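Thanks for coming. I have one structure to go through today, and I will start with the overall fold before turning to single residues. Here it is.

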Amino acid sequence: VQLQASGGGLAQAGGSLRLSCAASGSIFSINRMGWYRQAPGKQRELVAVSTSSGSTNYADSVKGRFTISSANAKNTVYLQMNSLKPEDIAVYYCNAEVQRSRWGNKSDYWGQGTLVTVSS
């Protein structure tokens, strides 16, 4: 299973960026997909997650500014980031819990990370 993330880059404070992450490979089902981020010198933290049942969860720091959505048929998840702040600067990682076969176990997979930079 591979997760291909894209969409990072440079935005001005108050601006927007949209991240995309597409999962490919041997996939029976995806139970959840989401985004984590790691700022310099800090631990990786959850940003937002979307489950196959349709529920979503956000870090308090991004609530009201970021929106996670998914295209289940495409095994793709998006993160719309609005009202960006300098404190959003980080490498953003896509994550997915994938079941590769009907009777298989669920495993976590990570994308390669995409850098988001916000200029003040």
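**Notes on an all-strand chain**

At 0% relative accessibility, Cys94 counts as buried. I will come back to Cys94 and its partner shortly. Before that, please keep in mind that this is a predicted model.

The overall picture first. The chain has zero helices and 11 strands. Reading from the N terminus, the elements go β-β-β-β-β-β-β-β-β-β-β. For 120 residues, a compact globule would have a radius of gyration near 14 Å, and the chain has 14 Å, so the value agrees. Taken along the principal axes, the box filled by the C-alpha atoms is roughly 50 × 25 × 20 Å.

Then burial and surface. Of the 120 residues, 41% count as buried. The exposed area of the chain is about 6,400 Å², and carbon and sulfur atoms supply 46% of that area. As for contacts, take the ones between residues at least 6 apart in sequence: 55% of these join residues at least 24 apart.

Now the disulfide. The count for this chain comes to one disulfide. Which cysteines form it? They are Cys21 and Cys94, with their sulfur atoms 2.0 Å apart. The pair links distant parts of the chain, since Cys21 sits in strand β3, residues 17-24, and Cys94 in strand β9, residues 90-99, which puts them 73 residues apart. What is the handedness of this disulfide, left or right? The torsion about the S-S bond of Cys21 and Cys94 is about -85°, so the disulfide is left-handed. Cys21 has 0% relative accessibility and therefore counts as buried. Cys94, as I said at the start, is also at 0% and counts as buried.

Next, an arginine. Arg37 belongs to strand β4, which covers residues 29-38. Is Arg37 buried or exposed? Its relative accessibility is 6%, so Arg37 counts as buried. The cut-off in play is that buried means under 20% relative accessible area. What does the Arg37 side chain make polar contacts with? One is with the side chain of Tyr92, at 2.9 Å. Another is with the side chain of Ser61, at 3.3 Å. Leaving out residues up to four places away in sequence, Arg37 touches a list of residues that includes Ser61 and Tyr92 again, along with Gln43, Arg44, Glu45 and Val47. Also on that list for Arg37 are Val62, Phe66, Glu87, Asp88, Ala90 and Val91.

Strand β4 comes up again with the aromatic residues. The count is one aromatic pair. The rings of Tyr36 and Trp110 have their centres 5.0 Å apart and their planes at 65°, so this pair is edge-to-face. The angle cut-off for that label is over 60 degrees. This pair, too, links distant parts of the chain: Tyr36 is in strand β4 and Trp110 is in strand β10, residues 106-110, 74 residues apart. How exposed are the two partners? Tyr36 is partly exposed, with a relative accessible area of 23%. Trp110 is partly exposed as well, at 38%.

That leaves the loops. Lys42 lies in the loop between β4 and β5, the latter being residues 45-51. Lys42 has 58% relative accessibility, so it counts as exposed. The C-alpha atoms of Lys42 and Ala90 are separated by 9.4 Å, and the two residues are 48 apart along the chain.

Finally, backbone angles. Most residues other than glycine have a negative phi. Which residues here have a positive one without being glycine? I have two to show. Asn75 has a phi near 50°, a positive value in a residue other than glycine. Asn75 lies in the loop between β7, residues 66-71, and β8, residues 76-81. With a relative accessible area of 25%, Asn75 is partly exposed. Ser83 is not a glycine either, and its phi is positive, about 50°. The loop holding Ser83 is the one between β8 and β9. Ser83 is partly exposed, with a relative accessible area of 40%.

That is what I had. To restate two items: Cys21 and Cys94 form a disulfide, and the rings of Tyr36 and Trp110 are edge-to-face.

Methods:
Residues numbered from 1 in each chain as written. Predicted model: local features only at pLDDT ≥ 70, side-chain atom pairs only at ≥ 80, totals over all residues. Heavy atoms only, no water. Disulfide = S-S within 2.5 Å. Helix = DSSP H or I, 4+ residues; strand = E, 2+ residues; numbered from the N terminus. Buried < 20%, exposed > 50% of the residue type's maximum accessible area, 1.4 Å probe, protein only. Polar contact = N/O pair within 3.5 Å; in protein donor to acceptor, adjacent residues only side chain to side chain. Contact = heavy atoms within 4.5 Å. Rg over C-alpha atoms; globule rule 2.2 N^0.38 Å. Areas by Shrake-Rupley, 256 points an atom, 1.4 Å probe, with all protein chains shown as cover. Phe/Tyr/Trp six-rings, centres within 6.5 Å; stacked < 30°, edge-to-face > 60°.
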